[in-house]
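The exercises below ask the reader to work from single residue pairs up to the contact between two chains. Each task sentence is followed by a solution that proceeds step by step.

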Amino acid sequence: VRHLLLVARALGFATLGLLAVTAFTPLPNVVARRLMTPDSPMPADAIVALAAAILRDGTLSDDSIRRFVRATELYADGLAPLLILSGTTPGPGLDEGEVRAALARRLGVPAAAIITLGGTHTTRDEAVAVAAALRPRGARHVLVVTDWAHAARVRATFEQVGLEVRVAVTGQPADAAVTPDRRLWLAWECAREALARAYYRLAGFA
Amino acid sequence: MTTALIFILVGLTSSAAWAVGTRGLRRSPSGLCLALVCLIEGVGFAAAFLGLNLLLGFVIVRTLPALTERFVSVYVLEDSMLVIVSAFQGFAFRWWLDRD
């Protein structure tokens with residue numbers, strides 16, 4: 001028991017130290033800035049708004065809205081003739097891709113320019129589905145819209161399936177996170193994405 | 001501003017607790033040191049439980065589709081309740097070591 005308590009004490013000190021440094025210093029901001037992929041919107045064959053989530057009441061999650069709005073803006077700027085809207089389908093009647101497509105049509109995007117991809121669960125699934133949707137059109141240049149932390153893994157995963165990738169990112173939290181809870185959340189996002197990248201490399205997805 | 005306010009609030013309530021503990025309840029300062037060590041050990045156990053919960057959760061989430069053909073996203077592990085429950089586990093385990 002004594003040895004166990006000594007180990008717990010060391011782990012407790014380390015945890016509290018890490019918590020203090022993360023919450024009360026700009027360390028998470030510095031790490032996030034290093035992890036960030038630069039926003040590089042360029043003309044492409046298609047703009048892809050990656051899926052995030054749809055809530056049980058049928059509304060899009062904040063991330064989903066942000067990605068959709070950025071992708072629609074880029075389409076309106078004329079960066080690509082196609083808008084691919086990926087989406088999760090967590091239950092009957094809940095289809096993120098279809099909700100986004102309906103919103104895009106209301107905002108003036110022609111139905112013929114919209115492709116929806118449903119039932120994709122992971123970034124890898126989305127890369128495979130986008131490549132399959134574009135192959136018959138002979139298209140392979142994509143401009144993928146996702147959030148800042150996800151962007152590097154997205155680029156590597158989409159390149160792995162043979163696509164030429166540019167990434168447009170949403171959010172700049174490295175500079176915006178200035179309160180302790182926002183810094184903790186930022187640190188968590190950095191840690192989570194670092195683990196996800198390691199997993200994707202290990203699995204051969206990126 | 002937020003950081004300063006947090007430190008001021010914690011400083012004020014801790015000073016009040018110190019006054020109540022030492023004068024009203026006649027507790028010794030050394031007892032507080034032991035309590036703080038106990039707190040640190042509890043945090044250590046909580047961190048260990050959180051790590052184990054996340055690891056086990058990841059294995060379950062990745063294995064589930066193969067067994068049930070139902071996809072569960074790894075993002076379910078981001079629920080902040082997991083941190084709270086892990087803290088409960090850690091502190092309960094620490095106190096258990098004192099009781100037996």
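**Exercise 1. Place the pair A:Asp63 and A:Arg66 in its helix and describe how the side chains meet.**

Step 1. A:Asp63 and A:Arg66 both belong to helix α3 (residues 62–76) of chain A, where they are 3 residues apart, about one turn of the helix; helices here are DSSP runs of H or I with at least four residues, strands are runs of E with at least two, and both are numbered from the N terminus. An α-helix has 3.6 residues a turn, so residues three or four places apart point the same way.

Step 2. The two side chains, A:Asp63 and A:Arg66, form a salt bridge at 3.1 Å, N to O, a salt bridge being a side-chain nitrogen of Lys or Arg within 4 Å of a carboxyl oxygen of Asp or Glu.

Step 3. A:Asp63 is partly exposed at 32% relative accessible area, and A:Arg66 is likewise partly exposed at 43% (buried means under 20% relative accessible area, exposed over 50%, partly exposed in between, with a 1.4 Å probe and protein chains only).

A note on the source: this is a predicted model, in which local features need pLDDT of at least 70 and side-chain atom pairs count only at pLDDT 80 or more, while totals for chains, interfaces and linings use all residues. Residues are numbered from 1 along each chain as its sequence is written, chains are lettered from A and ligands numbered from 1 in the order in which they are written, and side-chain values use heavy atoms, with hydrogens and water left out.

**Exercise 2. Describe the extent of the contact between chain B and chain A.**

Step 1. Chain B contributes 21 residues and chain A 20 residues to the contact, which is defined by heavy atoms within 4.5 Å.

Step 2. Together the chains bury about 1800 Å², 76% of it on carbon and sulfur atoms; buried area is the accessible area (1.4 Å probe) that two parts lose on being put together, summed over both. Of the area that chain B buries against chain A, 28% comes from B:Ile40, B:Phe71 and B:Glu78, more than from any other three residues.

**Exercise 3. Which salt bridges cross the interface of chain B and chain A, and where do their partners lie?**

Step 1. The rule finds 2 salt bridges across this interface, whereas the count over all chains comes to 10.

Step 2. B:Glu41 lies in helix α2 of chain B and A:Arg9 in helix α1 of chain A, so this pair joins two chains, and their side chains meet at 2.8 Å, N to O. B:Glu41 is buried at 1% relative accessible area, whereas A:Arg9 is partly exposed at 30%.

Step 3. A:Arg192 pairs with B:Glu78, the closest N and O atoms being 2.3 Å apart, and this salt bridge runs from helix α8 of chain A to the loop between α2 and α3 of chain B. A:Arg192 is buried at 16%, while B:Glu78 is partly exposed at 22%.

Step 4. Salt bridges that share partners join A:Arg9, B:Glu41, B:Arg94 and B:Asp98 into one network.

**Exercise 4. Decide whether A:Arg153 is buried or exposed, and find what is in contact with A:Arg153.**

Step 1. A:Arg153 lies in helix α6 (residues 151–160) of chain A, and its relative accessibility of 5% makes A:Arg153 buried.

Step 2. Leaving aside neighbours within four places in sequence, the residues in contact with A:Arg153 include A:Glu193, A:Arg197 and, from the other chain, B:Tyr75.
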